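This report describes one structure in plain terms. Please look at the sequence and the model first, then read on.

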Amino acid sequence: MTEHDDNAAPRAHDPDCLFCKIVDGRIPSRKVYEDEELLAFHDIHPWAPVHFLLVPKRHIVSMAHVTESDAPLLGRLMALAPRLAREQGCNPYPAGGFRMVVNTGAEGGQEVHHLHVHVIGGPRPWLKG
Ligand code: 5GP
Ligand code: ZN
């Protein structure tokens, strides 16, 4: 992102957003990974032995709000997920593997309106999915 990106500023941070509060440390989380742009933390209600959320630190509301300028950020996020999945205990492909889910909007089942990718895996059975 450049400082001339007009889209960046208004959605950089939402003080009322749950995941912005986690990014800021105002709400505690069990951190899996952090860098300048991305944060991963364990889901508070895991469905499976491995269940963490990978989020851009910047407040992007949902996949429906993604623009082409977000492609490098989301590319990094997607490329990081398999490494974190393995580090968190997902078994190797193809017998192991993991599931990545991005709920989007009410009909898509999105409850927290800050873009997040669920990374779910580990030995079955799982509670859901
Ligand atoms: P969504 O339904 O929006 O795709 O998923 C939101 C996820 O956030 C749910 O799986 C839920 O368990 C998780 N979640 C909700 N509140 C918190 C919280 O305060 N801390 C953590 N770590 N996860 C949360
Ligand atoms: Zn947010």
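Along the chain, the donors of the zinc ion (ligand 2) follow the spacing C-x2-C-x38-H-x54-H. They are Cys 17 (SG), Cys 20 (SG), His 59 (ND1) and His 114 (ND1), at 2.0 to 2.3 Å from the ion. A donor here is an N, O or S atom within 2.8 Å of the metal (3.2 Å for Na, K and Ca); water is not among the atoms, so sites may look incomplete. The four donor atoms subtend angles of 106 to 116° around the zinc ion, which makes the arrangement tetrahedral. Four donors count as tetrahedral if all angles lie between 85 and 135 degrees.

This is a predicted model, in which local features need pLDDT of at least 70 and side-chain atom pairs count only at pLDDT 80 or more, while totals for chains, interfaces and linings use all residues. Residues are numbered from 1 along each chain as its sequence is written, chains are lettered from A and ligands numbered from 1 in the order in which they are written, and side-chain values use heavy atoms, with hydrogens and water left out.

Cys 17 lies in the segment before α1 (18-24) and His 59 in the loop between β3 (50-56) and α2 (71-87), so the pair ties together parts that are 42 residues apart in sequence. Cys 17 is buried, with a relative accessible area of 7%, and His 59 is buried too, at 6%. Buried means under 20% relative accessible area, exposed over 50%, and partly exposed in between (1.4 Å probe, protein chains only). Gly 25, in the loop between α1 and β1 (31-34), is exposed at 53%.

Ligand 1 has 16 residues around it, and Asp 43, Asn 103, Glu 111, His 116 and His 118 come nearest. A residue counts as near if one of its heavy atoms lies within 4 Å. The table gives three pairs of atoms between ligand 1 and the protein.

| Residue atom | Ligand 1 atom | Distance |
|---|---|---|
| His 42, polar backbone atom | nitrogen | 2.9 Å |
| Val 112, backbone N or O | oxygen | 2.9 Å |
| His 116, side-chain N or O | oxygen | 2.8 Å |

The protein covers 84% of the 520 Å² of accessible area that ligand 1 has on its own. Accessible areas come from the Shrake-Rupley method with a 1.4 Å probe.

The protein has two helices and five strands, in the order α-β-β-β-α-β-β. Helices (H or I, at least four residues) and strands (E, at least two) are DSSP runs, numbered from the N terminus. Of its 129 residues, 40% count as buried.

Definitions and conventions. Four donors count as tetrahedral if all angles lie between 85 and 135 degrees; four count as square planar and six as octahedral if opposite donors are over 155 degrees apart and all others between 65 and 115; anything else is irregular. A polar contact is a pair of N or O atoms within 3.5 Å; within protein, one must be able to donate a hydrogen and the other to accept it, and residues adjacent in sequence count only if both atoms are side-chain atoms.
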